[in-house]
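Trainee: Could we go through this structure together? I would like to understand how its parts fit.

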Amino acid sequence: MYAQEVGLYLLALIQEALGDFDRVRRVVKMFGMVNADPNFTSHTEVINGCSDLFVTVLGERGEHARSAIGVGSLPKGFAVEIEAVVEF
């Protein structure tokens with residue numbers, strides 16, 4: 001759920017910056033970090049929430065390369081942090 005919420009925020013930022021999603025040519029890459037216990041190994045499944053949302057909203061233009069890693073902490077105790085590179 002957290003990654004999908006981050007995805008909604010990223011989509012809102014894209015829409016604010018570009019005016020609408022028609023200007024998005026493609027999502028190039030996402031980099032997701034999951035605040036996790038050292039024994040947790042499902043980082044990619046967590047970040048899927050954001051990746052899947054982008055494909056749902058943008059269709060083929062939302063398909064992207066992606067990296068997902070686990071980290072010991074994130075700023076302000078966030079559960080997930082995601083960076084997206086978008087070509088417009």
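**Helix α2 and its surroundings**

Mentor: Let us begin with the inner face of one helix: in α2, the residues H43, I47, C50, S51, L53, F54 and L58 are buried. Please keep in mind that this is a predicted model.

Trainee: What do the buried residues of α2 pack against?

Mentor: They pack against α1 (2-18) and against the strands β1 (26-35), β2 (65-71) and β3 (80-87).

Trainee: How many residues does α2 have, and what distance does it reach?

Mentor: Helix α2 covers residues 43-58, which makes 16 residues. From its first C-alpha to its last it reaches 23 Å, close to the 22 Å expected at 1.5 Å a residue.

Trainee: Where is the kink in α2 centred?

Mentor: The kink is centred on G49 and amounts to about 35°.

Trainee: And what follows α2?

Mentor: G59 follows, and its phi is positive, near 65°.

Trainee: Let me pick one residue of the helix. Why does S51 count as buried?

Mentor: S51, which has its place in helix α2, counts as buried because its relative accessibility is 6%, and the cut-off for buried is under 20%.

Trainee: Which residues does S51 touch?

Mentor: Not counting residues up to four places away in sequence, S51 touches M30, H64 and R66. With H64 there is also a polar contact of 2.9 Å between the two side chains.

Trainee: Changing topic, in what order do the strands of the sheet come?

Mentor: The order is β2-β1-β3, in an open sheet of 3 strands with mixed pairing. β2 and β3 stand at the edges with a single partner strand each, so one side of each has no neighbour in the sheet. From one strand to the next, the twist averages 10°.

Trainee: Do tell me about one pair. How many bridges join β1 to β2?

Mentor: There are 7 bridges between them, and the two strands run parallel. One example is G32, whose bridge partner in β2 is A68. As for the helix, α2 packs on the sheet, where it touches β1, β2 and β3, and its direction makes about 150° with that of β1.

Trainee: One last residue, please: is V71 buried or exposed?

Mentor: V71, in strand β2, is buried, with a relative accessible area of 18%. Leaving aside neighbours within four places in sequence, V71 is in contact with M33, V34, N35 and A36.

Trainee: How many residues apart in sequence are V71 and D37?

Mentor: They are 34 residues apart in sequence, and 8.1 Å apart in space from C-alpha to C-alpha.

Notes. Residues numbered from 1 in each chain as written. Predicted model: local features only at pLDDT ≥ 70, side-chain atom pairs only at ≥ 80, totals over all residues. Heavy atoms only, no water. Helix = DSSP H or I, 4+ residues; strand = E, 2+ residues; numbered from the N terminus. Expected span 1.5 Å × (residues − 1). Bend = angle between axes of the 7 residues up to and from the residue. Buried < 20%, exposed > 50% of the residue type's maximum accessible area, 1.4 Å probe, protein only. Contact = heavy atoms within 4.5 Å. Polar contact = N/O pair within 3.5 Å; in protein donor to acceptor, adjacent residues only side chain to side chain. Pairing = 2+ DSSP bridges. Axes fitted to C-alpha atoms, helices over the stretch in contact; angles between N-to-C directions.
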